[in-house]
Structure formats: structure tokens, C-alpha cells
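Hi everyone, thanks for making time for this. Let me put the model up on the screen, and then we can walk through it together.

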Amino acid sequence: MLFKQQVWLRQKLLVLGSLALGSLLYLVARVGSLDRLQPICPVESRFGGTHSQAEFPLRALQFKRGLLHEFRKGNSSKEQVRLHDLVQQLPKAIIIGVRKGGTRALLEMLNLHPAVVKASQEIHFFDNDENYAKGIEWYRKKMPFSYPQQITIEKSPAYFITEEVPERIYKMNSSIKLLIIVREPTTRAISDYTQVLEGKERKNKTYYKFEKLAIDPNTCEVNTKYKAVRTSIYTKHLERWLKYFPIEQFHIVDGDRLITEPLPELQLVEKFLNLPPRISQYNLYFNATRGFYCLRFNIIFNKCLAGSKGRIHPEVDPSVITKLRKFFHPFNQKFYQITGRTLNWP
Ligand code: A3P
């Protein structure tokens, strides 16, 4: 009799356990597919239904992204999201460069902060004449939905090296905060080359070796016409920006340190942006397979950057590396002096 009761109890526990596990799996699946769900209230009601059919799907998608973003960051449950407070705000801070400095990693990591909302795509508003001609409202509408007390951040690394951009950004907001993430200039130039090389290979095109591009074969000197070299002369670009913005409006992020030790770099940015310190070690975990830090939003959501970030660089002739480092050295010294941040590059 006792044995029978025990078997019955065990069966009951098994059924209850399966039910609990099933519900848990269902919940996880639903949360994971939140971005595929309809917004809680119709988007038309928020926008007064004045939008053309062609415009509507994109707006709806952005709207849903806004919800998902808030939910993922644990700011509110699906029910608590205060839909009517969500707005599209111009950025209060922009990651203006430098290409291959770690701009995506920086943006994604800052987005861990509950008061930060990232524009996922590079918008290229200020560096692209065609986009710029569309006006500031076009730009604003490219921004994600956020709460008024949050700050929007976008990144377009081409801004740093494009002549017209400082003046255009100044005209939008002369007190905007500007983030520049830099890496040791020669490494950055090789990373830049690697990205272009990968694109060429994808299209089955042949390409020159880095050495051939970086060194002028006639003079055996560094080829300053090569874009990957020019971009790494940080001080030259910064000087153009300083005609519009005081140095206090810039913050330099050490891109090499962001790879190996992201938290202290992020804490410096939090301070610069006057944000309460919220990003913690919990949000960042080292993924040995990727060889990089990845992001943890909460118990359910974590992610690593795409495989296009963290490419293996080709071997470069050490004498070319030495030559480049020697070339960049005086520019680096000036950069440290102007910015007040010494990075101990070779
Ligand atoms: P490499 O591909 O040369 O390694 P950007 O986003 O500006 O294009 O910069 C890309 C660089 O970000 C990568 O260059 C990589 O080294 C760096 N990076 C920094 N932190 C990273 C992270 N957590 N995951 C992947 N890449 C990261």
C-alpha cells in the first residue's frame, strides 16, 4: 500500500515537474521572440495615423525594437513599458570614429547601460551629402525609440575623417559629446586593410599586399596617400574637429584596452557622459572561443559581436611595421599632448 502511494506520488511530481519545465521553456521562447510580436497598442494611434503606407512598416519595426530594447535591458516588463513616453531623440553623444578602432564594441557595450539607447545602424547622416540634404528630421527619424531621460548614441566612424562633418554636427548641437576610440595606429591600419581584403576576396578579386600599399615603392617611405595610413594619423583629423569643439567635449577611448579590459574603459565613458555607473563585470564575460569579451544583458540575453569583428590579420613584414611605427610616433606624441591621454604606443 505504502509502495503504491509512493509510486503515485512520484508520478504526480513528474507530471508537475514537466508542466513547470514546459511553462518555463514557453516563457523563454516568448521572450526571445518578443520582437516578432505585435506592439501592445496600434502604432497608428501614437502617430495619429498620418503616415503613408510605404513609411509605415519601417516605423512599426523601429517601434517594436524600442520595446524589445527596453524589455531586454530589464527596464520594464512587457506590460510596464510606457508606450506613450517613447520618443525618437537626436543623439546626445556620437562615436565619431575611428574606423576599426572598436566602434561597434564600444556602442554595443555602452548600450548595456539602462540610460543609453543605441542607433543600431551606422546612419552616415553627416558624411553623406545625399543623406545630409534630407534634413535633421530625417536623421531624427532614424533614431530608436527611447524615454526622454535616456540618451541616444549613434556611431558612424566615417565622421572622424570627413572634412564637412565637424561643422555639420556643430550646427546640430554645439554641446554634443564626442567619443573617439583609437587603437595603436599600425594595428588599426592593418585591421583596415584586412577588412578591405576580405571584401575583395569575397568578390574573387585579387588585391595588393599590405606592404605594397603602405610603403611607396619609389621612395621606400610610408605612403601617406594610402587611406589606411592617413586614417591612423589621428592628430591631423582631430585638429579639424578642434576648430569647432573644445577638447573637453571629446573623450578618447583606448580601443586596445577595450579588447583586453573593457570595464574600466566603459566606466570612464560613463563618467564622461555623466551617467550613473551601471555597467558591471556581470555584463561582460570573456568568451574563449571568440577570444573577446561578450555582452550579458541579463539571465536570458547575452551576445558576442559578429564574426566580422576580430578578424585574423595577415602577417606583415616586421620591417614595414617598424617603419610605420616610426612614422606615426611624432603624430602620436601630439595626439597625447592635445587629448591629455597617453597611450604608450610604440
Ligand atoms: P579586428 O577585426 O582587427 O580584430 P570596428 O567596430 O570599429 O570596425 O572595430 C573592429 C575591431 O573591434 C576589431 O578589429 C576588434 O579587434 C575590436 N574589438 C574590440 N572589442 C571587441 C569585442 N568585444 N568583440 C569583437 N571585436 C572587438
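Let's begin at the ligand, where a polar side-chain atom of Lys309 sits 2.9 Å from one of the ligand's oxygen atoms. I'm calling that a polar contact, meaning a pair of N or O atoms within 3.5 Å; within protein, one of them must be able to donate a hydrogen and the other to accept it, and residues adjacent in sequence count only if both atoms are side-chain atoms. On its own the ligand would expose 570 Å², and the protein buries 97% of that. Those areas come from the Shrake-Rupley method with a 1.4 Å probe, and for residues only the protein chains shown count as cover.

Before I go further, a word on what you are looking at: this is a predicted model, so local features need pLDDT of at least 70 and side-chain atom pairs count only at pLDDT 80 or more, while totals for chains, interfaces and linings use all residues. Residues are numbered from 1 along each chain as its sequence is written, and side-chain values use heavy atoms, with hydrogens and water left out.

Back to the ligand. How many residues surround it? There are 18, and the closest are Lys100, Thr103, Ser191, Tyr293 and His313. A residue makes that list if one of its heavy atoms lies within 4 Å of the molecule. Two of those names come with polar contacts: the side chain of Thr103 has an N or O atom 2.6 Å from a ligand oxygen, and the side chain of Ser191 likewise places an N or O atom 2.6 Å from a ligand oxygen.

Next, the cysteines. Counting a disulfide as a pair of cysteine sulfur atoms within 2.5 Å, we get one. The partners are Cys294 and Cys304, with their sulfur atoms 2.0 Å apart. The link is right-handed, at 100° about the S-S bond. Cys294 is in strand β9 (residues 292–296), and Cys304 is in the loop between β10 (302–303) and α15 (318–339), ten residues apart. For anyone comparing assignments, helices (H or I, at least four residues) and strands (E, at least two) are DSSP runs numbered from the N terminus.

Are those two cysteines buried or exposed? I use buried for under 20% relative accessible area, exposed for over 50%, and partly exposed in between, with a 1.4 Å probe and protein chains only. Cys294 counts as buried because its relative accessibility is 1%, while Cys304 is partly exposed at 26%. Cys220 is partly exposed too, at 44%.

Now to charges. A salt bridge here is a side-chain nitrogen of Lys or Arg within 4 Å of a carboxyl oxygen of Asp or Glu, and the count comes to 17. Let me show you three.

One joins Glu167 and Lys171, at 3.4 Å from N to O. Both sit in helix α8 (residues 165–172), four residues apart, about one turn of the helix. Glu167 is partly exposed at 35%, and Lys171 is exposed at 61%.

Another joins Asp192 and Arg188, at 3.0 Å from N to O. These two are also four residues apart, about one turn, in helix α9 (residues 185–202). Here the partners are buried: Asp192 has 5% relative accessibility, and Arg188 has 0%.

The third pairs Glu198 with Arg311, whose closest N and O atoms are 2.6 Å apart. Glu198 is in helix α9 and Arg311 is in the loop between β10 and α15, so this bridge ties together parts 113 residues apart in sequence. Glu198 is partly exposed at 31%, whereas Arg311 is buried at 17%. Elsewhere, salt bridges with shared partners join Arg104, Glu108, Lys118 and Lys303 into one network.

Two last stops. Gln88, in strand β1 (residues 87–88), is buried at 8% relative accessibility, and its side chain reaches the backbone oxygen of Met143 at 2.9 Å.

And on the surface, Tyr282, Ile299 and Ile300 make a nonpolar patch with about 340 Å² of accessible area together. Patches take residues with over 30% relative accessible area and no salt bridge, joining like charges within 9 Å and nonpolar side chains (Val, Leu, Ile, Met, Phe, Trp, Tyr) within 5 Å. Tyr282 lies in the loop between α14 (262–272) and β8 (284–287), and at 42% it counts as partly exposed.

That's my tour, so over to you!
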